[in-house]
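Look over the sequence and the 3D structure shown here. The briefing below covers one sheet and one cavity.

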Amino acid sequence: MNNLREIAQKFKTKGGFEVLENAAMADRFSFKIGGTTPLLLEPLTEDAFLYAVNELKNDGIAYFILGGGTNIVFSDDGFDGAVISTLKLNKIEEITSRGTGTGTDFNADGETAVISCQCGALMNTLVNFCTRNGYSGLEQFCGLPGTVGGASYMNARCFDREISDVVRKIEYFTKNDAGTYEKREMMMDKSSWSYKISPFTGTDDIVFRVEFSVKKENEAKRSEIAEKAAGYMKQRVDKGHFKFPCAGSVFKNNRDFGAPSGQIIDEAGLKGYSIGDAQIAPWHGNIIINTGKAGSKDVKALVDYIKAQIKEEKGFELEEEIIFK
Ligand SMILES: Cc1cc2nc3c(=O)[nH]c(=O)nc-3n(C[C@H](O)[C@H](O)[C@H](O)COP(=O)(O)OP(=O)(O)OC[C@H]3O[C@@H](n4cnc5c(N)ncnc54)[C@H](O)[C@@H]3O)c2cc1C
């Protein structure tokens with residue numbers, strides 16, 4: 001802790017960050033759950049971000065990268081280390097449009113544009129940017145909570161479209177042979193992405209900037225794009241996504257089980273079951289909601305309960321999609 005105080009001072013002196021000590025974290029998570037962290041860093045530039053991860057690593061301080069906090073159950077006991085929030089790195093811009101490509105084949109048809117996003121840009125802000133400027137291809141992600149970095153890390157999937165369908169290139173930080181983080185880039189290669197898995201999942205690589213391939217539409221089609229996006233948002237609202245604090249789907253779907261996890265949990269009669277203020281949504285088996293003052297321990301106990309019930313009744317081993325930190 002003392003050590004972390006000195007380290008906080010080092011970051012303040014260096015500049016390029018917002019630095020918060022003993023930060024209360026619950027409001028940074030869509031579940032509205034969690035304790036404090038002794039050090040919360042919000043890098044404002046790419047250099048500051050790289051500096052932070054290398055310094056923390058060299059100082060032997062545990063850290064994790066936080067995007068929108070929409071897929072995480074943060075511990076009631078807090079995190080004994082540093083949390084790096086990407087939210088201040090949120091630039092979105094079109095970097096290429098008709099005829100101004102960089103020589104690769106993405107705009108060979110003359111209609112494809114490339115939108116560049118820093119990792120902390122919100123997915124929904126990106127979709128709004130596209131609908132406003134007449135780019136199609138990302139409408140399915142309208143209303144997806146969280147950031148571009150988080151969605152890329154998780155290979156988020158909405159209405160049968162996943163991030164890997166629309167990403168062109170990713171810049172990321174990875175450790176070199178000497179163990180120092182440095183920036184690299186990768187072009188989309190679908191073979192290293194799969195259902196809810198990206199090449200970053202489970203690694204300590206960090207997504208920094210993502211390029212999306214979209215289609216530049218003519219004026220006449222613009223309202224169609226906006227309507228389509230609004231339709232997807234409506235479906236989310238109608239499904240009760242935003243009624244209570246939650247972290248979206250609790251369990252991944254598994255084709256081998258023959259039905260989505262939500263349906264399996266519904267059929268086991270578990271909808272509405274609660275532990276403390278953590279409740280299986282009465283309208284959706286695969287969402288756990290915080291009806292008041294739920295803690296991470298309530299959510300964990302409920303997840304374990306569901307898994308045990310389904311294992312006993314159906315023999316299926318449900319796999320969590322939400323991440324406990
Ligand atoms: C109401 C609701 C609806 C949802 N609907 C969907 C849905 O339809 N489809 C879907 O796929 N998900 C859905 N989710 C889950 C969640 O929104 C997505 O997984 C989202 O992409 C997570 O992004 P985030 O920025 O919030 O990530 P966080 O929750 O902040 O982090 C998730 C993981 O990504 C890592 N991470 C975050 N940013 C980076 C980065 N820049 N580099 C490396 N690692 C990083 C974190 O360390 C963590 O391990 C929903 C959630 C809610 C609350």
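What is the order of the strands in the open sheet of 4 strands? The order is β1-β2-β5-β3, and the pairing is mixed. This is a predicted model, in which local features need pLDDT of at least 70 and side-chain atom pairs count only at pLDDT 80 or more, while totals for chains, interfaces and linings use all residues. Residues are numbered from 1 along each chain as its sequence is written, and side-chain values use heavy atoms, with hydrogens and water left out.

**The sheet**
- Strands are DSSP runs of E with at least two residues, numbered from the N terminus, and two strands pair if DSSP finds at least two bridges between them.
- β1 (17-24) and β3 (63-66) each have a single partner strand and stand at the edges, so one side of each lacks a neighbour in the sheet.
- From one strand to the next, the twist averages 25° (axes are lines fitted to C-alpha atoms, and angles run from 0 to 180 degrees between N-to-C directions).
- β3 and β5 (residues 82-85) run parallel and are joined by 4 bridges.
- I65 has I84 in β5 as its bridge partner.

**The second largest cavity**
- A cavity is a set of points on a 1 Å grid over the protein atoms alone where a 1.4 Å probe fits but cannot get out; lining residues have an atom within 4 Å of a point.
- The structure has 2 cavities of 30 Å³ or more, and the second largest holds about 30 Å³ of space (a volume is the space filled by probe spheres set on the points).
- Its lining residues include V167, I170, M186 and W193.
- β11 (167-175) and β12 (181-187) each give two or more residues to this lining.

Note on methods
1 Å grid on protein atoms, 1.4 Å probe; cavity = no way out; pocket = protein on both sides within 12 Å on 5 of 7 lines; lining within 4 Å.
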